[in-house]
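Here is a walk through one chain, strand by strand and then out to the side chains. Have the viewer open while you read.

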Amino acid sequence: MLVLFTILFFLLLLVLLFYYKYPDLFRSSRSASNFDYTRYAVKKYLMSRGESLFYSLLIDVLDTDKYVVFVYVRLADIFYIPLRNSRRKYLMKIFPKHVDFLVCNKKFYNPLFAIELDDPIHRVKNDSDDFKNHLFESTGLPLIRVPESSSYDKAVIGSLLSKYL
């Protein structure tokens, strides 16, 4: 037993000596100082032309004293997973996805409904859209899908949104 303890002690001592003599061996290559930040650039526009047009319409249609519109909200910021035992699996499913707009009550910032602008890419059925549809339906939070257009009728959009306010 004493022999085992002695061997472990010397191994620990050896590791500590290496740690202090060669600290780079123990550092991750992903540390902030070694990362190439020049690979990033600021986007020229946050929203597409269609999204910008629709956002302006939302601001016109909604009572901005009562409601606030958030742009590009991750699903992981809207939904949470109450069960701990499988949280990672379900969180990884929603983490990279977002909705185009989230309308919230301005007083408490609770989500009222989300809006997805369906550009031509979304008009072809895909798994991500199906997943979002099922997620929103199963949680009871309305998801409104609006075909992207070069112009929108303010009265039609106002009528559509009034059902959820």
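## Starting in the sheet: S3 and its partners

Let's begin with a parallel pair: S3 and strand S4 (residues 143-147) run parallel and are joined by 5 bridges. Keep in mind that this is a predicted model. If you want a residue pair to click on, Leu117 stands opposite Val146 in S4.

On the other flank, things run the opposite way. Strand S2 (residues 98-105) and S3 are antiparallel, with 4 bridges joining them, and Val103 stands opposite Phe113 in S3. S2 and S3 form a hairpin that has 5 residues between the strands. Have a look at the turn there: Tyr109 sits in it with a positive phi of about 60°. Strand S3 itself (residues 111-118) is mostly covered, with 6 of its 8 residues buried.

## The whole sheet

What is the order of the strands in the open sheet? Its 4 strands go S1-S2-S3-S4, and the pairing is mixed. Strand S1 (67-74) and S4 are the edge strands; each has a single partner strand, so one side of each is left without a neighbour in the sheet. On average, neighbouring strands of this sheet are turned by 30° against each other, direction ignored.

The S1 end of the sheet is held by 7 bridges between S1 and S2, which run antiparallel. One pair to pick out here is Val68 with its bridge partner Cys104 in S2. Then there is helix H6 (residues 127-139), which lies across S2, S3 and S4 and runs at about 145° to S4.

## The chain as a whole

Zooming out, the chain has 7 helices and 4 strands. Reading from the N terminus, the elements go α-α-β-α-α-β-β-α-α-β-α. Of the 165 residues in the chain, 24% are buried.

How much of the contact list with a separation of 6 or more comes from residues 24 or more positions apart? Those residues account for 65% of such contacts. As for the surface, the accessible area of the chain is about 12700 Å², and 61% of that belongs to carbon and sulfur atoms.

## Salt bridges

The count of salt bridges comes to 5. A good one to start with links the strands we opened on: Arg145 and Asp118 form a salt bridge, with their closest N and O atoms 2.8 Å apart. This pair ties together distant parts of the chain, since Arg145 is in strand S4 and Asp118 in strand S3, 27 residues apart. Is Asp118 buried or exposed? At 11% relative accessibility, Asp118 counts as buried, because the cut-off for buried is under 20%. Arg145, at 24%, counts as partly exposed. Asp129 joins in too: Asp118, Asp129 and Arg145 are linked in a network of salt bridges.

Elsewhere, Arg74 forms a salt bridge with Asp77, and the closest N and O atoms are 2.7 Å apart. Arg74 is partly exposed, with a relative accessible area of 29%. Asp36 and Arg39 also meet through their side chains in a salt bridge (3.1 Å, N to O). Asp36 is partly exposed at 35% relative accessibility, while Arg39 is exposed, with a relative accessible area of 71%.

## An aromatic patch on the surface

Which residues make the nonpolar surface patch of about 390 Å²? Phe35, Tyr37 and Tyr40 do. To find the spot, head for Tyr37, which is in the loop between helix H1 (2-21) and helix H2 (49-61).

## Phe79, a buried loop residue

Last stop: Phe79, in the loop between helix H3 (75-78) and helix H4 (87-94). Despite the loop address, Phe79 is buried, with a relative accessible area of 12%.

What does Phe79 touch, leaving out residues up to four places away in sequence? Its contacts are Ile94, Leu135, Phe136, Thr139 and Leu141. Phe136 is 57 residues from Phe79 in sequence, with the two C-alpha atoms 9.4 Å apart in space.

Notes
Residues numbered from 1 in each chain as written. Predicted model: local features only at pLDDT ≥ 70, side-chain atom pairs only at ≥ 80, totals over all residues. Heavy atoms only, no water. Buried < 20%, exposed > 50% of the residue type's maximum accessible area, 1.4 Å probe, protein only. Helix = DSSP H or I, 4+ residues; strand = E, 2+ residues; numbered from the N terminus. Pairing = 2+ DSSP bridges. Axes fitted to C-alpha atoms, helices over the stretch in contact; angles between N-to-C directions. Contact = heavy atoms within 4.5 Å. Patch = residues over 30% accessible without salt bridge, like charges linked within 9 Å, V, L, I, M, F, W, Y side chains within 5 Å. Areas by Shrake-Rupley, 256 points an atom, 1.4 Å probe, with all protein chains shown as cover. Salt bridge = Lys/Arg side-chain N within 4 Å of Asp/Glu carboxyl O.
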